[in-house]
Amino acid sequence: MWVLLQFISGSIQKNHLNDFLPVMKLYDLLYPEKEPLPFPDVTKASSTHALAITCIWIHLMKKAQLEQVSLQRRLPPALTAHLEYLQHSLSNNNLSHSLNTDYRISLLCNAYSTNQECFTRPMGVLVEAVQGNPKQQAALTGGAVSGPIKPLSMSILDSLTVHTKMSLIHNIVTHVMKLAQTKSMLCLAPALVETYSRLLVYNEIESLGIKGFISHLLPTVFRSHAWGILHTLLEMFSYRLHHFQP
């Protein structure tokens, strides 16, 4: 189901709902139980695989809503607790504090990546974790370092779908280009540099990853004469592009 979630979340927006309706048969075939299944431990990365089938359901329902189609189907009782958990977590006011304790942010990003109204909040937690906010600044010779120093772990990045990884790397690249084009005196946040390095090693997002880094980001930063950022990117390209351990 994890592999199927990767495919559906990345392609459902560009295709018709009818192309994905055969997936519905899997719910009847694989989840005939009349009682809710045991809930997975969200402090473990395996929970993102266990809830993949529920995330697929959310993507299908959102597509049906956009196409104004009534599917006349209900989620199997075995998965109702999973869906309720995701819906409840989305409205949790302390969502940002869960990033270092469990995989709720990953689950929400994976489930709602095709629903911008819901996706913005959990993705915002990931973005702020690596970019920080204007209040997070510290003086440093030659400029100012803005943002956090702890990157997203490989276990968190591995738990994200391809679609979510692409959104995250797009946010990072947009932020770096904005800093370069405005000739900001702020240096790139250490957490951003390390997280970006880790994202660049994923082959499945190479079009926005390493290819975009070489063909788009580096030339843009060079044309902007943002030498500090350019030096950081070149150092990253030379020494940091390998798969870090958690």
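How much space lies in the second largest pocket? About 210 Å³ does, and the close-ups below start there. This is a predicted model, in which local features need pLDDT of at least 70, side-chain atom pairs count only at pLDDT 80 or more, and totals for chains, interfaces and linings use all residues. Residues are numbered from 1 along each chain as its sequence is written, and side-chain values use heavy atoms, with hydrogens and water left out.

**View A. The second largest pocket.** Sixteen is the count to look for here: of the 16 residues lining this pocket, Ser184, Met185, Leu186, Gly228 and Ile229 sit closest to its centre. A pocket, on a 1 Å grid over the protein atoms alone, is an open set of points where a 1.4 Å probe fits, with protein on both sides within 12 Å along at least five of seven lines, and its lining residues have an atom within 4 Å of a point. Grid points are joined across faces, edges and corners, and the volume is the space filled by probe spheres set on the points. Helix H9 (162-181), strand S3 (186-187) and helix H12 (227-239) each put at least two residues into this lining, and H12 gives the most, with 4 residues. Helices (H or I, at least four residues) and strands (E, at least two) are DSSP runs numbered from the N terminus. By type, the lining of the second largest pocket splits into 9 nonpolar, 6 polar and 1 charged. Here Ala, Val, Leu, Ile, Met, Phe, Trp, Tyr, Cys and Pro count as nonpolar, Asp, Glu, Lys and Arg as charged, and the others, Gly among them, as polar.

**View B. The largest pocket.** This one has a volume of about 450 Å³. Its lining is made up of 19 residues, and Ser96, Leu99, Asn100, Ala129 and Leu152 lie nearest the centre. Helix H7 (116-131) and helix H8 (154-158) each supply at least two lining residues, with H7 giving the most, 4 residues. The mix is 8 nonpolar, 8 polar and 3 charged. Domain 1 (1-117) and domain 2 (132-245) each bring at least three residues to the lining of the largest pocket.

**View C. The two domains.** The protein is divided into domain 1 (1-117) and domain 2 (132-245), with bounds that come from an automatic or database domain assignment. Their C-alpha centres are 29 Å apart. Where the two domains touch, 16 residues of domain 1 and 11 residues of domain 2 take part, contact being heavy atoms within 4.5 Å.

**View D. The largest nonpolar core.** Count 75 residues in this core, where Tyr27, Leu168, Tyr196 and Leu233 have the most contacts. H9 provides the largest share of the core, 9 residues, and domain 1 (1-117) and domain 2 (132-245) each add at least three. A nonpolar core is a set of buried Ala, Val, Leu, Ile, Met, Phe, Trp, Tyr and Cys residues joined through side-chain atoms within 4.5 Å. Buried means under 20% relative accessible area, exposed over 50%, and partly exposed in between (1.4 Å probe, protein chains only). Zoom in on Tyr27: beyond its neighbours within four places in sequence, Tyr27 touches Ile53, Ile56, Trp57, Leu60, Arg73, Leu75, Pro76 and Leu79.

**View E. Helix H1 and its partners.** In helix H1 (residues 2-11), the buried residues are Trp2, Leu5, Gln6, Ile8, Ser9 and Ser11. They pack against helix H3 (47-50), helix H4 (52-66), H6, H8 and H9.

**View F. Two buried serines.** Ser106 is found in helix H6 (residues 104-112), and counts as buried because its relative accessibility is 1%. Neighbours within four places in sequence aside, Ser106 is in contact with Thr48, Ile156, Ser159 and Leu160. Ser167 belongs to helix H9 and also counts as buried, at 19% relative accessibility. With neighbours within four places in sequence again left out, Ser167 contacts Phe119 and Met123.

**View G. Two loop residues with positive phi.** Gln68 is not a glycine, yet it has a positive phi of about 55°. Look for Gln68 in the loop between H4 and helix H5 (80-90), where it is exposed, with a relative accessible area of 76%. His225, another residue other than glycine, has a positive phi near 60°. The loop between helix H11 (210-223) and H12 holds His225, which is partly exposed at a relative accessible area of 49%.
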